[in-house]
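Student: I should like to take a close look at a single part of this structure. Could you guide me through it step by step?

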Amino acid sequence: MPNQPRTGIRLLIAIAIFLTPVLASAYLAWRECYATEKALSLSYAQSALRRMEETSGQLTAGARALALVNLSPCSPEDIRLMREIDLASSAVKAVGRVVDDTLLCTSQGVANPISLGRPDLVTRQGISIYFNKDLGGQPPHPLNVLAINGFAAIIDPSQTLDVLTERPKVEAAVFVPSSTNRLRIATVGQYFPSNWLRPIGKGTHTTIQSGGYLVSLVRSRMWDLAVVTATPQSYIDRRFNRLAVLFLPIGILCGALFALLVNMLYRVQSPFPTMLRRAIKDGSLYVVYQPVVELATRRVVGAEALVRWRSRHADMRPDYFIPQAERHNMIQLITKQVLSIVARDLPQFLSMDPNFFVAVNFSAADLCDKRTLAAMDEFLRVSGARPENIEVEATERAFLQGPETSEVIDALRAKGFSVAIDDFGTGYSSLSCLQSLSLDTLKIDRSFVDTINTDGATSQVVLHIIDMAHSLDLDIVAEGVETEPQAQYLVKRGVQYAQGWHFGRPMDPGLLCEQIRSHASAGKESVPAQACLRVH
Ligand code: G
Ligand code: G
Ligand code: MN
C-alpha cells in the first residue's frame with residue numbers, strides 16, 4: 001500500500017506545520033518575559049545604587065560644609081548646622097560626629113557617646129563604615145554608620161534596598177567592590193552565594209544567569225559601591241504563564257489556520273499523480289454514457305463510456321486530464337477504473353437488452369500491454385457479459401504504436417471483442433493505411449460530420465471515409481451528429497450507427513438504462529419488470 005507511508009508523512013508534516021507557530025509564539029512569549037524581568041532586575045539594582053550614591057554624596061557634602069565653618073564638635077551651633085544638613089539629606093536617617101571610632105552626638109542631640117569599635121571597612125574615598133550598630137533607638141534596630149573627617153551619616157540598611165519590597169523573592173545586596181571580601185553594606189534575602197558579587201568595571205552593568213536566578217550587577221562610576229539584584233526564575237515563569245494565556249491561543253489558532261491553509265494548497269497544488277490516485281481512491285472518477293443509435297430505427301443499441309472527474313468545485317475536463325495521465329504513464333489506472341465502473345453498470349443494461357454494447361476508450365499504453373487481455377477476461381467474469389457487449393475504442397495513434405499493439409488488438413478480436421478506430425480522420429494515418437489495420441468499426445470524427453451539407457472544402461472527405469469503410473466491410477459510427485439533416489444524409493450513404501447531441505448527450509447510467517428500456521418495450525422484446533437503478 002504505497003498510500004500508507006505517504007499519509008504518515010503528511011500527518012507528520014501537518015503536525016510540524018501546526019506546532020511551528022505554537023512553539024514560536026511560546027518562544028517569543030518566553031523571550032519577552034525574560035527581557036522584561038532582566039530590565040526590571042537591572043532597574044532595581046540601578047535605583048538602589050543611585051540611592052547609595054546620593055547618601056555618599058550627602059555625606060561628603062555634609063563633611064565639607066562642617067569643615068568650612070570649623071565649629072567645635074557637638075556644640076549647639078554644630079548640632080544646629082548638622083540638623084540643617086540632616087533635613088537636606090533625604091537618604092540618611094541622621095548625621096552625627098564620630099571621633100576616634102566613637103559617636104559623640106547626632107543631629108537629634110547629645111546623648112551618651114557610643115563606641116563603634118573598629119570600622120568594618122574603609123573605602124577608597126576614605127569613608128569608614130561601621131556595620132549593624134545599635135544606636136539606642138526604640139525598638140532596637142541595627143544601623144550603619146558611614147564616617148569621614150569626623151562627620152558621620154547614619155543609614156538604615158533595610159531602607160537602602162526598599163525599592164525591592166514589592167518583589168519579595170528578589171535578593172539584593174549593596175557591596176564595596178574594592179574590599180577584599182566584598183563587604184556588604186546591605187543585604188536582602190537568605191540565599192546569597194558570594195559568587196554573585198562579581199568584579200565588574202566602574203560605571204558598567206551586567207546580567208547573568210546563575211543558580212536559577214537572573215543576577216544583575218551595577219557598579220558606581222564615582223563611588224566604591226556596587227549593587228547586585230537576583231530575580232528567581234519563578235518570576236519569569238509566572239510572567240510567562242500569564243502571557244501564555246494570551247499568546248498560546250493565538251499561536252494555536254495561527255497553527256491550525258496555517259496547517260489548514262497548507263493542506264488546502266497541497267490539495268490544490270499537489271502533483272498530478274497524487275491527485276489522480278486520490279481521485280480514484282475516493283471515487284471522484286465516474287462514467288457517463290453517450291447513446292449510440294441505429295440510424296435506420298433510431299434505437300439505442302449501444303453507448304460510449306466517457307470518464308468524468310468530479311472535483312470539489314467543478315468537473316475537470318477529460319481533454320486536460322487524459323493527456324496528463326498519459327504523460328505520467330497513469331492512463332492505465334483510469335482505464336482500469338472505467339472498466340470496473342462499466343462492469344458494475346453493464347448488467348442492468350443487458351437485463352433490458354442482451355445485445356447492448358458499451359464502447360470503452362483504450363489508450364496506446366493499454367494496447368501495448370498484454371495484461372489488458374487478462375483484465376478483459378476479468379471484466380467478463382465480473383460483469384457476466386459476453387465479448388460482443390464490449391467494444392474497444394482506440395485512436396489512430398494508439399493503433400500505430402508497433403507490433404505489441406497489433407498483437408494485443410488481434411488477441412482481443414480473437415476473444416470476440418470488437419475493435420473500433422476512434423476520431424478517424426484526425427490522425428496522421430492515410431486512408432490507405434486503414435486496410436492494414438485489424439478492425440471491426442470505424443468512428444467518423446465529428447469534425448467531418450460537421451461539414452455535411454456545407455460547401456466546405458473538406459465536405460467531400462466524409463464520403464470517401466464512408467466508401468473506404470464499406471469497401472473494408474467495417475461498421476460505421478458517425479460521431480457528433482447534431483441535426484436531423486446530418487442523420488438523413490448519413491443513413492442515405494449507408495452509415496448504420498450514429499452518436500451525437502441529436503440523439504443524446506452523455507448521461508448517467510440510470511438514465512441510459514431507462515432509454516434502453518423504453519426502446520425495448522416499444523419493440524417486441526419482453527422487458528423485465530424491474531426498474532433501472534439510479535447509480536449516481
Ligand atoms: O466526452 P468528452 O468531452 O469527455 O471527451 C473528451 C475526450 O476524452 C475524448 O477524446 C474521449 O475519447 C476521451 N475519453 C473519455 N473517456 C475516456 C477514457 O475512459 N479513456 C480514455 N483514454 N479517453 C477517454
Ligand atoms: O471519444 P471521443 O473523442 O469521440 O469523445 C467524444 C467527445 O465529443 C466527447 O467530448 C463528447 O462530449 C463530445 N460530443 C459528443 N457528441 C457531440 C455532439 O453532437 N457535438 C459536439 N460538439 N460534441 C459532442
Ligand atoms: Mn471515443
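Student: Does E304 count as buried or exposed, and what is its relative accessibility?

Tutor: Please keep in mind that this is a predicted model. E304 counts as buried, because its relative accessibility is 4%, and the cut-off for buried is under 20%. This residue belongs to a metal site. E304 is one of the protein donors of the manganese ion (ligand 3), and it contributes an OE atom. The other donors are N361 through OD1, E393 through OE and D422 through OD. These donors lie 2.1 to 2.4 Å from the ion. Along the chain, they follow the spacing E-x56-N-x31-E-x28-D. Two of them can be placed on strands: E304 lies in β14 (residues 299-310) and E393 in β17 (residues 390-395), so this pair ties together parts that are 89 residues apart in sequence. E393, like the residue you asked about, is buried, with a relative accessible area of 1%.

A pair of helices may be considered next. Helix α9 covers residues 371-383 and helix α11 covers residues 403-415. They pack at an angle of about 25°, and their axes are 10 Å apart. Because angles under 35 degrees count as roughly parallel, α9 is described as roughly parallel to α11. The crossing of the two helices is right-handed. In this contact, L373, M376 and D377 of α9 meet V408, A411, L412 and K415 of α11. By class, the contact of α9 with α11 comprises five nonpolar residues, two charged residues and no polar ones.

Terms used
Residues numbered from 1 in each chain as written. Chains lettered and ligands numbered in written order. Predicted model: local features only at pLDDT ≥ 70, side-chain atom pairs only at ≥ 80, totals over all residues. Heavy atoms only, no water. Donors = N, O, S within 2.8 Å, 3.2 Å for Na, K, Ca; no water. Helix = DSSP H or I, 4+ residues; strand = E, 2+ residues; numbered from the N terminus. Buried < 20%, exposed > 50% of the residue type's maximum accessible area, 1.4 Å probe, protein only. Axes fitted to C-alpha atoms, helices over the stretch in contact; angles between N-to-C directions. Parallel < 35°, antiparallel > 145°, perpendicular 65-115°, else oblique. Left-handed = near helix turned anticlockwise from the far one by under 90°. Contact = heavy atoms within 4.5 Å. Nonpolar A, V, L, I, M, F, W, Y, C, P; charged D, E, K, R; others polar.
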